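Biologist: I've got a fresh model open and would like to talk it through with you. Shall we go piece by piece?

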Amino acid sequence: MRILAAGWHGQIARAFMQTAPGRSDIAAFAIGRPGLDICNPRGIERAMGDIKPDVLINLAGYTGVDEAESEPDLAFSLNSTGAWLLAEAAAQRNVPIIHVSTCYVFDGHKPSAYEETDAAHPSTTYGRSRLAGEIAVQAANAKHIILRTGWIYSPYGRCFVSNILQRAQLGQKLRIVNDQYGSPTYAPHLVVAILAVALKVTTARRDEAPWGIYHVAGAGTASWFDVACEVLFASKALAAFTASLEPIPLVQYPIRPNRSPNSMLDCSKLKAALDVELPAWRTGVRECVERLLAP
C-alpha cells in the first residue's frame with residue numbers, strides 16, 4: 001500500500017514519519033510545505049502524480065487552538081480550503097482520503113463522552129475551522145474517513161507532557177486544571193491506528209468500505225490534572241526532580257478562551273466497524289515520558 005501524508009511539521013505528522021517507514025507492508029511518503037502546500041492545487045496534483053498513492057492522509061492544517069481567535073482567515077484557509085483541495089484532488093484519482101479532525105467540533109457541554117451522532121457545535125474559531133474542513137471533505141470526496149481525535153501529546157515538539165516535565169525540572173509549582181476532561185491521545189499510538197484504518201479501507205470491497213466519521217483517542221478519560229499526575233508518577237524512576245501539583249478550576253486559568261469543559265470521545269464505533277482501538281492513555285503517557293527523559 002502506498003500512502004501519501006500531507007504535512008510533516010505537526011506532532012501527528014512527525015509520529016507518522018517515525019512509524020510508517022518501518023512497516024514492510026507500507027510505502028509511506030510525508031510531504032509538507034514548501035514541497036506540498038495544501039492550499040496550492042498545482043502542488044497537490046504534482047505530489048499525487050509523483051507518489052500515486054492508494055490512500056491520501058491529511059495530517060496538515062492549523063493547530064493553534066488559542067491563536068486561531070486572532071488568525072481566523074489563516075485557520076479557515078488551512079483547515080477548510082486546504083482540506084477541500086486535498087479531498088478533491090484525491091477524488092479525481094479515485095483515491096480515498098483519511099482526514100484528521102478534532103474533538104473541538106463539539107461545544108463541550110455534554111455530560112458524557114461525545115459520539116459521532118452528536119451534533120457538532122464548536123465554540124471556538126479553531127473548532128469552527130475544523131468543522132468546515134469536515135464538511136468540505138465530505139462534499140469533495142465520497143471515499144472519506146474522518147477521524148476526530150484530541151488532546152494530542154508526543155515526544156516531538158512542545159506539548160502538555162513535555163511542558164509539565166520542563167516546569168517540574170525547574171522546580172515550579174504546577175497549578176493544573178482539574179475540571180476539564182478529555183481523551184488524551186499519544187501521537188505514535190494514533191498513527192498506528194490511522195495506518196490500520198488505511199489498510200482496512202484499501203482492502204475492503206467497494207460496497208463494504210466503511211466511509212464516514214469516527215472518533216479515535218486514547219482509551220479512558222482524564223482531566224489535565226490527572227495527566228499531570230501521571231506524568232510525574234512516570235518520571236519518578238527516571239529523574240530526580242519533584243514538583244508540587246495544585247488542582248484548579250478552569251475559570252482560574254488566565255488564557256484559553258472558550259475552551260470546552262468536556263472533550264471526551266466515545267470511540268466504540270471505530271472498534272465495532274474496523275476493530276481498531278488505541279491503548280490506554282496512561283500507557284501512552286508512560287511511553288512518552290520515557291522517550292522524553294531518555295539519555
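Modeller: Sure, and keep in mind that this is a predicted model. Let's start at β4, where Ile 97, His 99 and Ser 101 point one way while Ile 98, Val 100 and Thr 102 point the other, and every one of these is buried.

Biologist: How many of the residues of β4 are buried?

Modeller: Both faces of the strand are covered, since Ile 97, His 99 and Ser 101 on one side are buried, and so are Ile 98, Val 100 and Thr 102 on the other. Buried here means under 20% relative accessible area. For β4 the count is 6 of 6.

Biologist: Which residue in β4 is the bridge partner of Ile 57?

Modeller: β3 and β4 pair in the parallel sense, over 3 bridges. Take the bridge that involves Ile 57: its partner in β4 is Ile 98.

Biologist: What order do the strands take in the open sheet of 6 strands?

Modeller: The pairing in this sheet is parallel. Its edge strands are β2 (27–31) and β10 (212–215), each paired on one side only. Neighbouring strands are turned by 20° against each other on average, ignoring direction. Reading across, the order is β2-β1-β3-β4-β5-β10.

Biologist: Which residue in β2 stands opposite Ala 6?

Modeller: Strand β1 (residues 2–6) runs parallel to β2, joined to it by 5 bridges. Opposite Ala 6 you'll find Ile 31.

Biologist: What about helices on that sheet: at about what angle to β4 does α4 run?

Modeller: Look at α2 first: that helix (residues 41–51) lies across β1, β2 and β3 (55–58), at about 160° to β1. Helix α4 (residues 125–140) lies across β4 (97–102), β5 (144–149) and β10. Its angle to β4 is about 160°.

Biologist: Now the open sheet of 3 strands: in what order do they come?

Modeller: This one has mixed pairing. Its edge strands are β11 (222–223) and β13 (262–263), each with pairing on one side only. That gives the order β11-β8-β13.

Biologist: And which residue in β11 is the bridge partner of Gly 182?

Modeller: Strand β8 (residues 181–182) pairs with β11 in the antiparallel sense, over 2 bridges. For Gly 182, the partner in β11 is Ala 222.

Biologist: On to α5: which elements do its buried residues pack against?

Modeller: Helix α5 (residues 160–169) is mostly covered, with 7 of its 10 residues buried. Those are Phe 160, Val 161, Ser 162, Ile 164, Leu 165, Arg 167 and Ala 168. They pack against β6 (152–153), β7 (174–177), α7 (224–235) and α9 (281–292).

Biologist: Which residue takes a positive phi just after α5?

Modeller: The helix covers residues 160–169. Just past it, there's a phi of about 75°, and the residue with it is Gly 171.

Biologist: In the loop between β6 and α5, is Ser 154 buried or exposed?

Modeller: Ser 154, in that loop, touches Gln 11, Cys 159, Tyr 186, Ala 187, Pro 188 and Cys 288, leaving aside residues up to four places away in sequence. Its relative accessible area is 0%, so Ser 154 is buried.

Biologist: Which side chain makes a polar contact with the side chain of Ser 154?

Modeller: There's a backbone partner too: the nitrogen of Tyr 156 lies 3.1 Å from a polar atom of the Ser 154 side chain. The side-chain contact is at 2.8 Å, and it's made by Gln 11.

Biologist: Why is Cys 159 too far from Cys 288 for a bond?

Modeller: Cys 159 is buried, at 9% relative accessibility. A disulfide needs the two sulfurs within 2.5 Å. Cys 288 has the closest cysteine sulfur to that of Cys 159, but the pair is too far apart to bond because the distance is 5.1 Å.

Biologist: How many disulfides does the count come to?

Modeller: With sulfurs required to be within 2.5 Å, the count comes to 0 disulfides. Cys 103, for one, is in none, with the nearest cysteine sulfur, in Cys 267, 10 Å away. Cys 103 is also buried, with a relative accessible area of 2%. So, applying the 2.5 Å limit, the number is 0.

Biologist: Last one, on the whole protein: what is its radius of gyration?

Modeller: The protein has 9 helices and 13 strands. The globule rule gives 19 Å for 295 residues, and the model comes close to that, so it is as compact as a globular protein of that length. Of those 295 residues, 52% count as buried. The radius of gyration is 19 Å.

Note on methods: Residues are numbered from 1 along each chain as its sequence is written. This is a predicted model: local features need pLDDT of at least 70, side-chain atom pairs count only at pLDDT 80 or more; totals for chains, interfaces and linings use all residues. Side-chain values use heavy atoms; hydrogens and water are left out. Buried means under 20% relative accessible area, exposed over 50%, partly exposed in between (1.4 Å probe, protein chains only). Two strands pair if DSSP finds at least two bridges between them. Helices (H or I, at least four residues) and strands (E, at least two) are DSSP runs, numbered from the N terminus. Axes are lines fitted to C-alpha atoms, for helices over the stretch in contact, and angles run from 0 to 180 degrees between N-to-C directions. Contact means heavy atoms within 4.5 Å. A polar contact is a pair of N or O atoms within 3.5 Å; within protein, one must be able to donate a hydrogen and the other to accept it, and residues adjacent in sequence count only if both atoms are side-chain atoms. The radius of gyration is taken over C-alpha atoms; the globule rule is 2.2 Å times the number of residues to the power 0.38.
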